Amino acid sequence: MDINALLSKLPDMEPGQVWLAGAGPGDPGLMSLLTLKGLQQADVIVYDALVSPEILAMAGEHARLDFAGKRGGQPSSRQQDISEHLVSLAREGKKILRLKGGDPLVFGRGGEEARHLVENDIFFRIIPGITAGVGGLAYAGIPLTDRHTNSAVTFLTGHGADGGLAKDIDWEALAKSSPVVVIYMALSRIGLIAEKFLESGRPADEPVAIISRATTAEQKVVVTTLDRCADDVRRENIEAPAMIVVGEVVKLRKGLDWLGALAGKKLSADVSGIRPQGSRT
Ligand code: SAH
């Protein structure tokens with residue numbers, strides 16, 4: 001079956017409906033076919049700053065592109081304004097693609113926008129995307145779980161509702177129970193976050209990876225430790241967006257950095273010295 005035949009079997013966008021879709025972390029190859037169909041069929045695409053230009057380039061010729069995010073230090077459009085914009089476009093009978101980076105329901109406020117649509121009796125679909133905490137790690141050659149290291153993982157935001165660290169995080173419990181912590185929106189607070197982990201008993205030499213601009217041509221990965229990570233972020237001039245990964249699992253990158261291998265790096269499948277969860281803390 002060719003790709004167009006496959007796309008034609010997928011649902012069509014209907015006038016007055018919103019598709020709340022994820023674009024994935026950056027590489028257009030990681031986008032879903034449903035999101036691609038939305039790009040082709042939408043009258044209006046309301047997109048966030050994290051959606052890559054290569055993906056927007058796949059929009060149909062008739063589509064209008066409405067930017068709804070931060071740019072050049074300008075404050076982001078207010079959430080309420082975006083939600084109301086979606087409602088008024090739907091009432092005009094437009095086919096609307098609300099396109100977000102990664103997955104729309106992972107630290108993306110997709111749920112809030114969807115609830116606003118529900119309150120206004122507007123039908124929508126939710127189309128998941130590959131979240132940066134999954135796709136970004138895969139492109140850095142870091143597994144989220146591995147039987148040598150961990151059987152649980154936590155996704156965390158470094159950015160609470162009021163701009164500081166989220167208030168509802170029990171750092172001691174987290175440090176104790178979650179061998180691998182994958183942190184979004186944390187680059188500017190990495191020092192504070194590392195301090196919280198150290199105060200809660202995680203070892204100073206615990207491995208940390210910072211994955212900047214994951215899955216794009218500018219991807220950069222820095223492997224460091226809890227006690228050095230804040231300095232290394234400054235020294236290496238790491239740019240947003242970036243994911244931070246804390247845990248022994250980071251060491252597995254030496255055997256799985258497939259992007260590095262494609263560029264000539266030698267990988268090592270040796271897992272000796274990689275310690276299981278619970279043995280460090
Ligand atoms: N809904 C998105 C997350 C939005 S929050 C998702 O599921 O991926 C924004 C944060 O996502 C950024 O601060 C960064 O931590 C992370 N992020 C998104 N895209 C990224 C990328 N290509 N590389 C690294 N981090 C990314």
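This text describes helix H8 with the loop that follows, and then the salt bridges of the structure. The model is predicted.

Helix H8 spans residues 190-199. Four of its residues, Ile190, Ile193, Ala194 and Phe197, are buried. They lie on the same side of H8, because the arc they cover around the axis is only 100°. Several elements contribute to covering these buried residues, including helix H7 (171-177) and strand E7 (180-184). Strand E8, helix H9 (229-235) and strand E10 (242-246) are also among the elements that cover them.

Beyond the helix, the chain enters the loop that leads from H8 to strand E8 (207-212), and Ser200 has its place in this loop. Is Ser200 buried or exposed? Its relative accessible area is 18%, and the limit for a buried residue is under 20%, so Ser200 counts as buried. Leaving aside residues up to four places away in sequence, Ser200 touches Trp171, Glu172 and Ala175. Gly201, just after H8, takes a positive phi of about 100°.

The second topic is charge pairing. Side chains of opposite charge can pair when their charged atoms come close. How many salt bridges does the structure hold? The structure holds 19 salt bridges, and three of them are described here.

In one of these, the side chains of Glu113 and Lys100 meet at 3.1 Å, N to O. Glu113 belongs to helix H5 (residues 110-119) and Lys100 to strand E4 (residues 96-100), so this pair ties together parts that are 13 residues apart in sequence. Both partners are withdrawn from the surface by the accessibility criterion: Glu113 is buried at 0% relative accessibility, and Lys100 is buried at 3%.

A salt bridge also joins the side chains of Lys265 and Asp257, at 2.7 Å from N to O. Here Lys265 is partly exposed, with 37% relative accessibility, whereas Asp257 is buried at 5%. Returning to Glu113 and Lys100, these two residues belong to one network with Asp48 and Arg98, joined by salt bridges that share partners.

The side chains of Lys94 and Glu92 form a further salt bridge, with a distance of 3.4 Å from N to O. Lys94 is partly exposed, and its relative accessible area is 24%.

How values were computed: Residues are numbered from 1 along each chain as its sequence is written. This is a predicted model: local features need pLDDT of at least 70, side-chain atom pairs count only at pLDDT 80 or more; totals for chains, interfaces and linings use all residues. Side-chain values use heavy atoms; hydrogens and water are left out. Helices (H or I, at least four residues) and strands (E, at least two) are DSSP runs, numbered from the N terminus. Buried means under 20% relative accessible area, exposed over 50%, partly exposed in between (1.4 Å probe, protein chains only). Contact means heavy atoms within 4.5 Å. The arc is that of the directions from the helix axis to the C-beta atoms. A salt bridge is a side-chain nitrogen of Lys or Arg within 4 Å of a carboxyl oxygen of Asp or Glu.
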